[in-house]
Amino acid sequence: MVKGQGTLIRRGPGEIEMTDQTGRTSDAQAEGDGYMLYHSIGQYPGKARDMAASLTAFAECWGAANDEQWGYALGQRQRFIDLWSQLLNAPSASLTTTENVTSALAALIMALPREDLEGRVVLVAGDCFPSLHFLLTGLADRYGFTLRTVPLRDGAHWVEDEDVITAWGPEVGLALLTWVSSTSSHRCVLEALVAHGRKQGSLIGVDITQAAGLFDYDCMAVAADFAISTSLKWMCGSPGGGILQVMPDVIARCQPSLRGWFSQDNIFSWDINAFAYAPDIRRFDNGTPSVMACVATVPALEWHAAQDWGAQLAKNRSLSEAIIAASDAAGFELASPRDPAQRGGSVMVRLTDADHAQTLLSKLRDVSVFADARGPILRCSPGFMTTRAGIDRLASVLTGG
Ligand SMILES: Cc1ncc(COP(=O)(O)O)c(C=O)c1O
């Protein structure tokens, strides 16, 4: 809660008086107005209340001495799948749940026909999410591919799209694109990259984690082969709510290694000599699905579905410009693209060093501004609850110390 002047208008846990669409507040300081961690967890007004209600309803059903549990639990999971599918305009039965983004990529790679990867190149940019790079380096030997990592240019904060294209020839069996980078918020031009990849005959996957829920991702328009994400960040959901979306023609060629009774069309087909994959994305399921993250996340997905996305994005753009202006005024190097067309929802600022970043974060916390840092890089993501008042407090800490 913000300390100091102003009246906090609060109707319930996590619920605040909303600002106008430019992010300006009246004289009241609203709870969450300095929250800038949309690259990390993500909050929306009323989230704690909504999540608690959903989890409580689940507990009441799950703990009842009757036989209604599975219908409810699997229904919640299907609601999660439907809301995500709607958000991404995914073809029917092409999206399923995973624990996280790393496991989604692993599931896809471990399902591809051998010849897609063996003796070929997997292409990734050096500013991909490190966890995915860790996975790929570990899988390279086992699946017989060479990992080609496109490096950052000297002193750069992100990998240029043209360098990805230069490194991308017909030897590339699979390319993983990071739509928005977690360290610079650089946003690559998916249209151009996918068009190039199609000419090379590569499979193309997109990590949409840092953009989903802020920028519109349309599976049909982008026409990549698969997409992976979490329900955290701009989606404001809970941990454990990863997703894997795979286009139907690719699904048909996949034989997931991690498989089980839920990978079948009829999960009750228990003849141990007659396993058969489901015809759609369900073949990527395995044992009893984990539903808790779906239960905890469905309210956030429903909240998202009801938003005016043009207005939310416009607010993010306007507040991001204010952060950039404050960083310029304080004399720091911008570690994100200045051009909004190349930028995701975050603004990264290079501070003197990691210690400076920690000192600054602590001063920000004192005035209820919440950001984070990776080494000397301060990461600020103004989102649904952030207001101009929060940005003003960030600016005064940046310029003051
Ligand atoms: C671009 C990107 N991909 C993936 C992830 C998360 O991966 P995982 O869900 O495997 O932890 C993050 C988290 O910050 C991210 O920024």
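What pLDDT does the chain average, and what share of the residues score at least 70? This is a predicted model, so let's start there. The average over the chain is 93, and 93% of the residues score at least 70. The stretch to watch is residues 1-27, where the pLDDT is below 50. In the model that stretch still has 64 contacts beyond near neighbours in sequence.

Okay, the overall layout. The chain splits into two domains: domain 1 is 10-45 + 308-400, and domain 2 is 68-304. Their C-alpha centres sit 29 Å apart. For the contact, domain 1 puts in 23 residues and domain 2 puts in 19. If you look at the side of domain 1 that touches domain 2, the elements giving two or more residues are α11 (309-330) and β11 (347-350). Of those, α11 has the largest share, with three residues. Sorted by class, that side of domain 1 comes out as 10 nonpolar, 11 polar and two charged residues.

Now the sheets, beginning with the seven-stranded one. Reading across this open sheet, you get β3-β9-β8-β7-β6-β4-β5, and the pairing is mixed. At the edges you find β3 (95-98) and β5 (146-150), each pairing on one side only. From one strand to the next, the twist averages 20 degrees.

Let me zoom in on one pair. β4, residues 121-125, and β6, residues 172-178, run parallel and share four bridges. If you want a spot to click on, Val124 is opposite Leu176 of β6.

Two helices to point out here. Helix α2, residues 69-88, lies across β3, β8 (226-229) and β9 (242-246), and makes about 120 degrees with β3. Then there's α7, residues 190-200, which lies across β6 and β7 (203-207), at about 175 degrees to β6.

On to the other sheet. What is the order of its four strands? Going across, this open sheet reads β10-β11-β13-β12, with antiparallel pairing. The edges are β10 (333-334) and β12 (372-374); each has a single partner strand, so one side of each has no neighbour in the sheet. Inside, β11 and β13 (residues 377-380) are antiparallel and joined by four bridges. One pair to look up is Val349, whose bridge partner in β13 is Leu378. There's a helix packed on this sheet as well: α12, residues 354-366, touches β12 and β13, and its direction is about 175 degrees from that of β12.

Last stop, the ligand, which is probably what you'd set up first. Which residues are around it? Going up the numbering, we have Asn100, Val101 and Thr102, then Phe129 and Ser131, then Thr178 and Ser182. After those come Asp207, Thr209 and Gln210, and finally Thr230 and Gly242. By class, this shell has two nonpolar residues, nine polar and one charged.

To tie that back to the big sheet: β6 covers residues 172-178, and Thr178 is in the ligand shell. Likewise, β7 is 203-207, and Asp207 is in the shell too. For β9, the range is 242-246, and Gly242 is on the ligand list.

That's the tour.

Notes
Residues numbered from 1 in each chain as written. Predicted model: local features only at pLDDT ≥ 70, side-chain atom pairs only at ≥ 80, totals over all residues. pLDDT = per-residue confidence, 0-100. Contact = placed C-beta atoms within 7 Å. Pairing = 2+ DSSP bridges. Axes fitted to C-alpha atoms, helices over the stretch in contact; angles between N-to-C directions. Domains from an automatic or database assignment. Nonpolar A, V, L, I, M, F, W, Y, C, P; charged D, E, K, R; others polar. Near = placed C-beta within 6 Å.
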